[in-house]
Amino acid sequence: MKTPKYWQSNSFTSKILSPLGFLYGFMTQLRLKLKSPHKVSIPVVCIGNITAGGTGKTPVSISIAKLLATEMYHPFFVSRGYGGKLQDVIVNNKKHTAKDVGDEPLLLSKQAPVVVNANRYAAAQKAVEQGADIIIMDDGFQNPSLHKDLSFLVFDGNYGIGNGKIIPSGPLRETLENGIKRADAIIILGKDKHDLAKRCGLPAFFGHTEAVQTTINNQDVVAFAGIGHPQKFYHTLKQQGFNVVKTIDFPDHHFYTREELENIINEAKKLNAQIYTTSKDFVKIPPLYSQDINVLEVAVVWDNPEELISFIKQKTKQ
């Protein structure tokens, strides 16, 4: 789904939907209370959020895996594989497609092995069997099946928690108060414009995303994205010096049709512009069309990476 604009304000639509939001939040807490998590023999680090999409959770997961690898860890990701049809598999990015395992697992697999299974405990057990010594749980903060040794909540510092209401009335999966009770620390990407560090009262780590690409061959760009907050991607392109002449939004996790891709390519030809999309979207582009589409890679840059890795090591000691 696309992120509704009313999630950012206390609008009439948001107020009308508030009872459904209350029910959603109640059911989330009930599910968490009724199921006891199972623990595996190695540490589990959860990179989660309490808002629906667009916080930068996947780039954070990739970055933390890189940090752990430099400390001689052998991390594995576990993921439910949203949008994919396969379960209980280790992602092979030379063989599997996004329709097989989901877009995020395919992207994560470029950094470290990924086990896809909606049963996170079963996924973690498979990771242990395959030689993992630490598990990064991409998402799953509201999933009660697997014990978490360390839980981070990731926030977009600019967006914050929107109107502070629960789905479908707002962007929250649960209230901020309930979320921080189970979290060990928060991660804020960008400037903390909503004083989240102070409001949460937990250890806070700060960073921002930067584009990896520096070379610009053609400044005119048609950009498209199927992510939680596509405007963030378009803003990054503009920061790199691109002239974004047209933007096309799609729902988060969208799988592109042949017609949609051909329309984008034809539009770019008319405007004599290059085409750019996100790395998460690019893994869903068939080879027939990918040669006409560029990807803007982004990476998380931490304010204090040494403090972050020290915190993770301290909290995951066995």
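In these legends, contact means heavy atoms within 4.5 Å. Helices (H or I, at least four residues) and strands (E, at least two) are DSSP runs, numbered from the N terminus. The model is predicted, so to speak a calculated one: local features need pLDDT of at least 70 and side-chain atom pairs pLDDT 80 or more, while totals for chains, interfaces and linings use all residues. Residues count from 1 along each chain as its sequence is written, and side-chain values use heavy atoms, without hydrogens or water.

**View 1. Nine strands make an open sheet of mixed pairing.** Follow the strands across the sheet and you meet them in the order β3-β4-β2-β5-β1-β6-β7-β8-β13. At the edges stand β3 (89-90) and β13 (298-302); each has a single partner strand, so one side of each is left without a neighbour in the sheet. Two strands are called paired if DSSP finds at least two bridges between them. Strand β2 (residues 75-79) meets β4 (residues 114-116) in the parallel sense, with three bridges between the two. Look for F77, which stands opposite V114 in β4.

**View 2. Helix α12 (residues 305-315) packs on the nine-stranded sheet.** The strands that α12 touches are β1 (44-48), β6 (150-156), β7 (185-189), β8 (204-211) and β13. The direction of α12 makes about 150 degrees with that of β6; axes are lines fitted to C-alpha atoms, for helices over the stretch in contact, and angles run from 0 to 180 degrees between N-to-C directions.

**View 3. F152 and F311 form a tilted aromatic pair.** Eight aromatic pairs turn up in a search of the whole structure. In the one shown here, F152 and F311 lie 6.1 Å apart, centre to centre, with 55 degrees between their planes. Because F152 belongs to strand β6 and F311 to helix α12, the pair ties together parts that are 159 residues apart in sequence. Rings of Phe, Tyr and Trp (its six-membered ring) pair if their centres lie within 6.5 Å; planes under 30 degrees apart count as stacked, over 60 as edge-to-face and the rest as tilted.

**View 4. Four strands form an open sheet with parallel pairing.** Here the strand order is β10-β9-β11-β12. The edge positions go to β10 (243-249) and β12 (294-296); each has a single partner strand, so one side of each is left without a neighbour in the sheet. On average, and with direction ignored, neighbouring strands of this sheet are turned by 35 degrees against each other. Six bridges join β9 (residues 220-225) to β10 in the parallel sense. If you want a residue to start from, try V221, whose bridge partner in β10 is V244.

**View 5. Helices α8 and α9 lie across strands of the four-stranded sheet.** Helix α8 (residues 230-239) crosses β9, β10, β11 (274-278) and β12, and runs at about 160 degrees to β9. Helix α9 (residues 258-271) lies across β9, β10 and β11, and its angle to β9 is about 165 degrees.

**View 6. L17 of helix α1 is in contact with P168, among others.** L17 sits in α1, which covers residues 12-34. Leaving aside neighbours within four places in sequence, the contacts of L17 are Y6, P168 and S169. For a sense of distance, L17 and V115 are 98 residues apart in sequence and 36 Å apart in space, C-alpha to C-alpha.

**View 7. Two loops carry backbone details worth a glance: a cis peptide bond and a positive phi.** The cis bond joins I167 and P168, with omega of about 5 degrees. P168 is placed in the loop between β6 and α6 (176-182). M72 has phi near 70 degrees, a positive value in a residue other than glycine. You will find M72 in the loop between α2 (57-70) and β2.
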